[in-house]
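Dear colleague,

I am handing over the structure below, together with some notes on what was found in it. Please keep it open while you read.

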Amino acid sequence: MKGLYALKPWYAARLAGLRRVLVAHGVSPDALTWSGVLFGAAAGGAVALLPAGPFAGAAVAVLLAARLACANLDGGVARDSGRMTRNGAVRNELGDRLAEFAVLAGCLAVAPAGWVLGAAAAATLPSWIALAGAAAGAPRPQGGPVGKTERCLLLVVLAAVPGAAVPVLAAIAAGSVLTAGWRLVRVTRALRVLDQCAGRRDAGEQAARSAGTGHGGAA
């Protein structure tokens, strides 16, 4: 159940030419990360300032497409230019969260604060669970029924359809919780397998030590 995340390799291939240009011109991965935040803020501004309708939907779609492109390009540029660092990975995650919060902040102008804050809180859950699992040694799960790309599409709907703000925010919140649960199941299963493997390895090492001790005593 990878959702639209399954299209990431195809999307990365479409951006390959631009990625090579950025690497050739020495563009910093951090510059792309923070550009994504700015595009997210601009999308939030469009939601807040433009009346809901086709024009607002198109504007938000273009800005969020640029935000997703930056989210894809920063890691690719870092890899291709040999600039991957642990601090860069932290800034990448921070940029993703800030960009999403910036878009949702614009929704405060069109929906009650409780709905916006609920959607914003729920939207963080899939990433936190994936990061916690990775920190514990599990492969990081990606995708899910309502991941980052799906949330962007829902926000385009919010901007394009008058009166859709509350239903869309409810869908973002519910879908994010569902995605978080799906990722938690995957993380739990992966960690259980790792624990079982570690237990068998420890048992094997203990048996080997016991056998060695017994052999030495007999000698």
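At which residue does H6 bend, and which proline follows within four residues? This is a predicted model, in which local features need pLDDT of at least 70 and side-chain atom pairs count only at pLDDT 80 or more, while totals for chains, interfaces and linings use all residues. Residues are numbered from 1 along each chain as its sequence is written, and side-chain values use heavy atoms, with hydrogens and water left out.

The mean pLDDT (the predictor's confidence in each residue, from 0 to 100) is 90 for the protein, and 94% of its residues reach 70 or more. Among the elements, helix H3 (residues 29–49) has the highest mean, 96, and helix H1 (residues 8–14) the lowest, 82; helices are DSSP runs of H or I with at least four residues, numbered from the N terminus.

To return to the question, H6 bends by about 25° at Leu125, and Pro126 is the proline that follows; the bend is the angle between axes fitted to the seven residues ending at a residue and the seven starting there. Helix H6 covers residues 113–135, and its buried residues (under 20% relative accessible area, with a 1.4 Å probe and protein chains only) include Val116, Pro126 and Ile129. After H6 comes Gly137, with a positive phi near 110°.

Leu98 is found in helix H5, and its relative accessible area of 35% makes this residue partly exposed, because that term covers values between the buried limit of 20% and the exposed limit of 50%.

Best wishes

Definitions and conventions:
Helix = DSSP H or I, 4+ residues; strand = E, 2+ residues; numbered from the N terminus. Expected span 1.5 Å × (residues − 1).
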